[in-house]
Amino acid sequence: MNKITIIGNWKMNLRNSSSNNLINQIQTKLNNNDYHHANIIVCPSFIHLLPVKSELNIKIKLGCQDLFWENDGAYTGEISAPMVKDAGCKYAIIGHSERRMNLNESDNMINKKIIACFNNQITPIVCIGETIKQRKYNQTLKVLKNQILSAFKNISPNKFKNIYLAYEPIWAIGSNRPASPRDAKKAAIYIKNTVLKKYKALKNDFIKVLYGGSVNAQNIRSFTEIEEIDGVLVGGESISSSGFVKLINNSYK
Ligand code: PGA
């Protein structure tokens, strides 16, 4: 059985002490439970990566919420892939819709960030998804296709490494209105097929598809029991230790 992946995106919510408390409480609660069916990844803010890393004592992995595409140079305020790697990150969320919308992050920037991840042995977790308006006009699959093709522009098959694609409909994020499992499954199948069509020689194993958007301890199972969905990206429920641990416990495929 393949392990499912559960990623907690802590966003810009915590402080130093609350980040440390959260990771410690998650670990204490998980220690009394069986969590070995899941790869668990937490993504604190950049500034909390090192403190959280120093608290880790079970198999939880570390990711960051973004990174810059150059390794070094005069880019005031930016943080590069080698820097987050130094801080213990093996994963990076790329192209979250909150960044696309609030910071005008473009497909071209996202493409360069994915290349930076591949060049630095970091697994990108690339977020894609449609707005409510695009959904109303039946454009979901077209939007996903465009986002995938521009994300992978100029990446040749031999450079392609492991990747997570998170299907996150924008209207489902933080809204308590998740996509239906049926729609999430349809999107997951479409996403995998679109990538495999572009990269014909690629093995299925390289591409993992996650669902994200209002996932909680109650609805997790309806997504993880779908064969084509390899895991979930969780925002709100990931910053409550009891909610997150319950979600992990309820996620058995
Ligand atoms: P949510 O956020 O779980 O709070 O909807 C998901 C995300 O933004 O990745």
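Two rings of Phe, Tyr or Trp count as a pair here if their centres lie within 6.5 Å. With that in hand, let's walk through the aromatic side chains of this predicted model. Ring pairs join Phe118, Phe152, Phe160 and Tyr199 into a cluster, and these four residues are a good place to begin looking. While you are at Tyr199, turn to Lys198 as well: Lys198 lies over the face of the Tyr199 ring, at 5.3 Å from the ring centre.

Now step back to the whole structure, which holds nine aromatic pairs. One of them brings together Phe68 and Tyr75, with 4.9 Å from centre to centre and 45° between the planes, a tilted arrangement. How buried or exposed are the two partners? Phe68 has a relative accessible area of 8%, so Phe68 counts as buried. Tyr75, at 36% relative accessibility, is partly exposed.

Another pair to find is Tyr167 with Tyr211, also described as tilted: the centres are 6.3 Å apart and the planes make an angle of 55°. Where do these two tyrosines sit along the chain? Tyr167 belongs to strand β6 (residues 163-167), while Tyr211 belongs to strand β7 (residues 207-212), so their pairing ties together parts that are 44 residues apart in sequence. Both sit under the 20% cut-off for a buried residue: the relative accessible area of Tyr167 is 3%, and Tyr211 has a relative accessibility of 1%.

Technical notes: Residues numbered from 1 in each chain as written. Predicted model: local features only at pLDDT ≥ 70, side-chain atom pairs only at ≥ 80, totals over all residues. Heavy atoms only, no water. Phe/Tyr/Trp six-rings, centres within 6.5 Å; stacked < 30°, edge-to-face > 60°. Buried < 20%, exposed > 50% of the residue type's maximum accessible area, 1.4 Å probe, protein only. Helix = DSSP H or I, 4+ residues; strand = E, 2+ residues; numbered from the N terminus. Lys NZ or Arg CZ within 6 Å of the ring centre and 35° of its normal.
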